[in-house]
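Me: I am new to this structure. Please show me how to read its features, one at a time.

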Amino acid sequence: MPFELAQVNIARLKFPLDSTQLKDFTDGLDPVNAVADAADGFIWRLKSDTGNATDVPVFGDDWLIVNMSVWRDTDALTAFMYQGQHRELLSRRYEWFERVQEAMTTLWWVEPGHRPTVQEAEQRLVHLREQGPTPHAFTLRTSFPPGAE
């Protein structure tokens, strides 16, 4: 059975989302999301009526924002992450987001057509924090093949 790769990453804001300090970040969201939507291997991303997910609650914390998507595989996700506009925004992340010690990103395999919920993503992220990388929740650095769970 084929699988697709789900990913979630959350970030703790340093400033309110509508602040001037986050203007470059918020101005970059729509262009970067458009690049993601057109990327080879992209399947789906979480979004609200605003077209992004910055107003989707995660862990009940108003200072956290969430990004969640589904990709064909780790190669497709990695290719998107480390090139172009996304890479530019990624390089500036510490201007906008707090540095935290706990894991803020995790990956897991899903059946084709499955669209993860924020609750599911929270559970996978907590699992990674408590257990380290396993087939249930892993990282790009320590990944597991599809169907290993």
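**Reading strands, a helix and confidence**

Reply: Start with one facing pair: Val8 stands opposite Met68 in S3. This is a predicted model.

Me: In which sense do S1 and S3 pair, and over how many bridges?

Reply: To read a pairing, look at direction and count bridges. S1 and S3 are antiparallel, with eight bridges between them.

Me: How many bridges join S1 to S4?

Reply: Six, and these two strands also run antiparallel. Here Ala6 is the residue that stands opposite Trp108 in S4.

Me: How many of the nine residues of S1 are buried?

Reply: A residue counts as buried under 20% relative accessible area. In S1, seven of the nine residues are buried, so the strand is mostly covered.

Me: Which strands do the buried residues of H5 pack against?

Reply: Look for contacts from the buried side of the helix. For H5, the partners are strand S1 (4-12), strand S3 (64-71) and strand S4 (105-110). Among the buried residues of H5 are Val118, Ala121, Leu125 and Leu128. Glu120, Glu122, Arg124 and His127 are buried too.

Me: What should helix H5 span?

Reply: Use 1.5 Å a residue. Helix H5 has 14 residues (residues 118-131), so it should span 20 Å. Its end C-alpha atoms are 20 Å apart, which agrees.

Me: What comes just after H5?

Reply: Check the backbone angle there. Gly132 takes a positive phi of about 80 degrees.

Me: Which elements have the lowest and the highest mean pLDDT?

Reply: Read pLDDT as the predictor's confidence. Helix H3 (residues 84-91) has the lowest mean, 79, and H5 the highest, 98. For the protein chain, the mean is 93, and 99% of its residues reach 70 or more.

Note on methods:
Residues are numbered from 1 along each chain as its sequence is written. This is a predicted model: local features need pLDDT of at least 70, side-chain atom pairs count only at pLDDT 80 or more; totals for chains, interfaces and linings use all residues. Side-chain values use heavy atoms; hydrogens and water are left out. Helices (H or I, at least four residues) and strands (E, at least two) are DSSP runs, numbered from the N terminus. The expected span of a helix is 1.5 Å times one less than its number of residues. Buried means under 20% relative accessible area, exposed over 50%, partly exposed in between (1.4 Å probe, protein chains only). Contact means heavy atoms within 4.5 Å. Two strands pair if DSSP finds at least two bridges between them. pLDDT is the predictor's confidence in each residue, from 0 to 100.
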